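Me: Please take a close look at a single strand of this structure and describe how it is placed among its neighbours. A connected account would be preferred to a list.

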Amino acid sequence: MLYIFDMGNVIINIDFNRALQVWSELSKIPINSLAQKFELDETVKLHECDKISDFEFAEFTSEKLGLSLSFEEFALGWNAIFVSLRYDVIEIMARLREQGHRVVILSNTNRLHQNYWPSHYPEIAASSDFLYLSQDLGMRKPDLEIYKYVLQSEGFAAEKAIFFDDIEENVTAAAQLGIKSWHVTDKNSVAKYFANYDFSIPAKD
């Protein structure tokens with residue numbers, strides 16, 4: 001089987017309010033004011049597909065929020081979203097690989113974050129056989145083509161794949177292709193899926 005895991009709020013806890021908190025402290029702009037203007041908008045999507053640079057993303061976002069920060073200060077806040085690893089999920093991924101299953105990560109992410117989390121959370125890359133990252137592929141979830149790309153690259157039919165993601169839209173898109181999909185709604189969701197799973201049986205496919 002091919003097991004496909006999202007990263008944010010599946011393998012690692014993230015919180016965008018932490019970015020707003022850092023920017024608020026550095027800019028002296030009330031966090032409530034920033035929160036009213038901040039959204040994961042088209043600029044974020046373009047950045048995740050590597051259509052705009054880190055500097056352009058920082059400039060566009062800062063202008064929208066009314067921030068006057070250096071690029072380094074902006075990046076400090078943007079990278080503050082990472083909270084902590086979900087070690088139970090890391091362990092599940094490791095055990096699946098020990099069984100002989102293929103385990104990969106499919107994440108909407110960006111260059112700024114990719115320059116940060118691999119060194120701070122090396123367990124993420126170590127827990128998977130391959131990382132499919134939106135900024136490397138030039139496309140993002142829930143675009144159906146990104147799921148097709150992963151299946152084709154891995155050599156698995158959709159019915160031989162299982163996908164875990166915290167965003168319902170992404171889960172629905174994968175399911176449209178016949179991929180078994182599990183909506184991760186809280187930190188215990190992945191463990192619940194594997195509650196009755198027998199890790200002692202070697203993979204057959």
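Reply: The model is a predicted one, and the part chosen here is strand 6. A convenient point of entry is F5, whose bridge partner in strand 6 is F164. That pair belongs to the contact between strand 1, residues 2–5, and strand 6, which run parallel and are joined by 4 bridges. Strand 6 also pairs with strand 7, residues 180–183, again in the parallel sense and over 4 bridges. In this second pairing, I162 stands opposite K180 of strand 7.

These pairings are part of an open sheet of 5 strands, in the order 5-4-1-6-7, with parallel pairing. Strand 5 (130–133) and strand 7 each have a single partner strand and stand at the edges, so one side of each is left without a neighbour in the sheet. From one strand to the next, the twist averages 20 degrees. Towards the end of the order given by strand 5, strand 4 (residues 102–107) pairs with strand 5 in the parallel sense over 4 bridges, and V104 stands opposite F130 there.

Helix 12 packs on the sheet, where it touches strand 6 and strand 7, and its direction makes about 170 degrees with that of strand 7. The helix comprises residues 168–176 and, together with strand 6 and strand 7, makes a right-handed β-α-β unit.

Strand 6 itself, residues 161–165, is mostly covered, with 5 of its 5 residues buried. A161, F163 and D165 point one way from the strand, whereas I162 and F164 point the other way; both sets are buried.

Among these residues, D165 merits separate attention. D165 lies in strand 6 and has a relative accessible area of 0%, so it counts as buried, the cut-off being under 20%. The side chain of D165 makes a polar contact with the side chain of K141, at 2.7 Å. Leaving aside residues up to four places away in sequence, D165 touches D6, V10, K141, N170, V171, W182, H183 and V184. K141 therefore appears both in that set of contacts and as the polar partner of the D165 side chain.

A residue outside the strand offers a contrast in exposure. S119, in helix 8 (residues 117–120), has a relative accessibility of 58% and therefore counts as exposed. The side chain of S119 makes a polar contact with the side chain of H120, at 3.3 Å.

Technical notes. Residues are numbered from 1 along each chain as its sequence is written. This is a predicted model: local features need pLDDT of at least 70, side-chain atom pairs count only at pLDDT 80 or more; totals for chains, interfaces and linings use all residues. Side-chain values use heavy atoms; hydrogens and water are left out. Buried means under 20% relative accessible area, exposed over 50%, partly exposed in between (1.4 Å probe, protein chains only). Helices (H or I, at least four residues) and strands (E, at least two) are DSSP runs, numbered from the N terminus. Two strands pair if DSSP finds at least two bridges between them. A crossover is right-handed if, with the strands pointing away from the viewer, the path from the first strand over the helix to the second runs clockwise. A polar contact is a pair of N or O atoms within 3.5 Å; within protein, one must be able to donate a hydrogen and the other to accept it, and residues adjacent in sequence count only if both atoms are side-chain atoms. Contact means heavy atoms within 4.5 Å. Axes are lines fitted to C-alpha atoms, for helices over the stretch in contact, and angles run from 0 to 180 degrees between N-to-C directions.
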